[in-house]
Amino acid sequence: RGQGQVGSLGSGNHFLEVQEVAEVYDPTVAAAFGLRVGQVCVMIHSGSRGLGHQICTDHVRAMEKAMARYGITVPDRQLACTPVSSPEGRAYLGAMAAAANYARANRQLLAEAARRVFHRVTGSGLDLVYDVSHNLAKIETHGYDGGARQLCVHRKGATRALPPGHPELPDDLRPVGQPVLIPGSMGTGSYVLTGVPDAPAFASTCHGAGRVRSRKEATRAVRGQDPRRQMQARDVAVRGASRRGLAEEMPEAYKDVAAVVEAAEGAGLCRRVARLLPIGVVKG
């Protein structure tokens with residue numbers, strides 16, 4: 001699935017967005033992340049270019065067939081699972097690791113391309129704040145049922161949010177916690193958050209604003225309109241591979257990211273650090 005596509009954004013909600021840091025809520029943590037008001041940043045959302053989706057499809061099918069052997073029943077086939085130590089479980093984790101490695105290499109190439117453009121046009125470079133994968137399983141130790149347990153935490157539509165002091169954080173981030181990147185829509189903005197101690201969801205939080213309209217509904221809602229011109233009216237320059245692709249990703253198709261972040265923060269999952277507003281957007 002990924003052969004010949006490494007270094008490409010992909011379609012759907014994947015993007016490369018040039019943003020401005022519009023607001024800082026925690027100056028100490030923002031400084032540790034290298035963020036300041038007025039700074040120009042680039043946020044990239046891209047993954048394994050269909051490889052992860054293919055792996056999910058293949059292994060859900062395999063696990064669905066194998067569940068009866070392990071006495072497992074689930075309310076929805078998308079929750080099909082087997083023990084981590086089973087042949088099916090090990091095969092899935094191995095394939096998933098391959099997709100995660102591909103995704104990381106893909107983002108590295110995209111980031112390097114962005115660096116070269118910024119250097120050529122502005123004479124300035126880009127420093128990495130954080131690179132994190134989502135929609136994957138991690139073997140982690142968490143407090144559970146009165147003690148520390150090794151768990152397989154699978155985050156679908158979610159991302160890891162490690163708290164301050166966590167041993168898996170690099171030295172420069174350990175005092176403040178993990179940067180958590182929460183993209184909104186291409187017309188409303190995004191957030192950088194940090195993990196918090198004693199979060200109730202195994203150091204996890206949402207990965208983005210989430211849709212309120214399907215892609216088909218969003219396309220129907222903007223029929224006869226010009227999505228690119230509508231974005232320009234918001235002072236956001238957009239380049240997309242197709243008009244339909246832009247229509248599917250219009251801001252109205254997504255939840256209010258500010259409300260989503262407020263809910264996540266209120267639930268004790270994370271804490272706001274900075275808000276970023278879009279200047280330019282590239283959609284695959």
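This note goes through salt bridges, surface charge, helix packing, backbone angles and a few long-range distances in a predicted model.

1. Salt bridges in general. Side chains of opposite charge can pair when their charged atoms come close. In this model the count of salt bridges comes to 21, and the next three points take up some of the pairs in turn.

2. The pair within helix 3. Arg115 and Glu112 meet through their side chains in a salt bridge, with an N to O distance of 3.4 Å. Because the two residues are 3 residues apart in helix 3, which spans residues 87–122, about one helical turn separates Arg115 from Glu112. Arg115 is partly exposed, at 30% relative accessibility, and Glu112 is likewise partly exposed, at 30%.

3. The pair Glu249 and Arg211, and the network around it. The side chains of Glu249 and Arg211 form a salt bridge of 3.0 Å, N to O. This pair links distant parts of the chain, since Glu249 sits in the loop between helix 6 (243–248) and helix 7 while Arg211 sits in the loop between strand 8 and helix 4, 38 residues apart. With a relative accessibility of 3%, Glu249 falls under the 20% limit and so counts as buried, whereas Arg211, at 26%, is partly exposed. Both residues belong to a network of salt bridges that links Arg211, Arg215, Arg244, Glu248, Glu249 and Lys283.

4. The pair Arg272 and Glu265. In the salt bridge between Arg272 and Glu265 the closest N and O atoms are 2.7 Å apart. Arg272 is partly exposed, with a relative accessible area of 29%, and Glu265 is also partly exposed, at 23% relative accessibility.

5. A positive patch on the surface. Which residues form the positive surface patch? Lys216, Arg220, Arg223 and Arg243 form it. One of these, Arg223, lies in the loop between helix 4 (215–221) and helix 5 (227–232), and at 61% relative accessibility Arg223 is over the 50% limit and therefore counts as exposed.

6. The two sides of helix 7. In helix 7, which runs over residues 257–266, the buried residues include Val257, Val260, Val261 and Ala264. These four cover an arc of only 95 degrees around the axis, so they lie on the same side of helix 7. Glu262 and Gly266, on the other side of helix 7, are exposed.

7. Positive phi angles between strand 7 and strand 8. Most residues other than glycine have a negative phi. Asp198, however, has a positive phi, near 55 degrees, and the phi of Phe202 is also positive and near 55 degrees. Asp198 is found in the loop between strand 7 (190–194) and strand 8 (204–206), and Phe202 has its place in the loop between strand 7 and strand 8 as well. As for their surroundings, Asp198 is exposed, with a relative accessible area of 78%, while Phe202 counts as partly exposed at 31% relative accessibility. A colleague who examines the backbone of this loop may wish to view Asp198 and Phe202 together.

8. Buried alanines with partners elsewhere in the sequence. Ala161 is placed in the loop between strand 5 (158–160) and strand 6 (179–182), and it is buried, with a relative accessible area of 1%. Although Ala161 and Gln178 are 17 residues apart in sequence, their C-alpha atoms are 5.8 Å apart in space. Ala218 is found in helix 4, where it counts as buried at 3% relative accessibility. The C-alpha atoms of Ala218 and Met250 are separated by 7.3 Å, with their positions 32 residues apart along the chain.

9. A pair set further apart in space. Where is Val84 found? Val84 is in the loop between helix 2 (51–66) and helix 3, and it is partly exposed, with a relative accessible area of 32%. Val84 and Tyr191 are 107 residues apart along the chain, and their C-alpha atoms are separated by 34 Å.

Methods
Residues numbered from 1 in each chain as written. Predicted model: local features only at pLDDT ≥ 70, side-chain atom pairs only at ≥ 80, totals over all residues. Heavy atoms only, no water. Patch = residues over 30% accessible without salt bridge, like charges linked within 9 Å, V, L, I, M, F, W, Y side chains within 5 Å. Areas by Shrake-Rupley, 256 points an atom, 1.4 Å probe, with all protein chains shown as cover. Salt bridge = Lys/Arg side-chain N within 4 Å of Asp/Glu carboxyl O. Lys, Arg positive; Asp, Glu negative; His and termini not counted. Charge placed at Lys NZ, Arg CZ, Asp CG, Glu CD. Buried < 20%, exposed > 50% of the residue type's maximum accessible area, 1.4 Å probe, protein only. Arc of directions from axis to C-beta.
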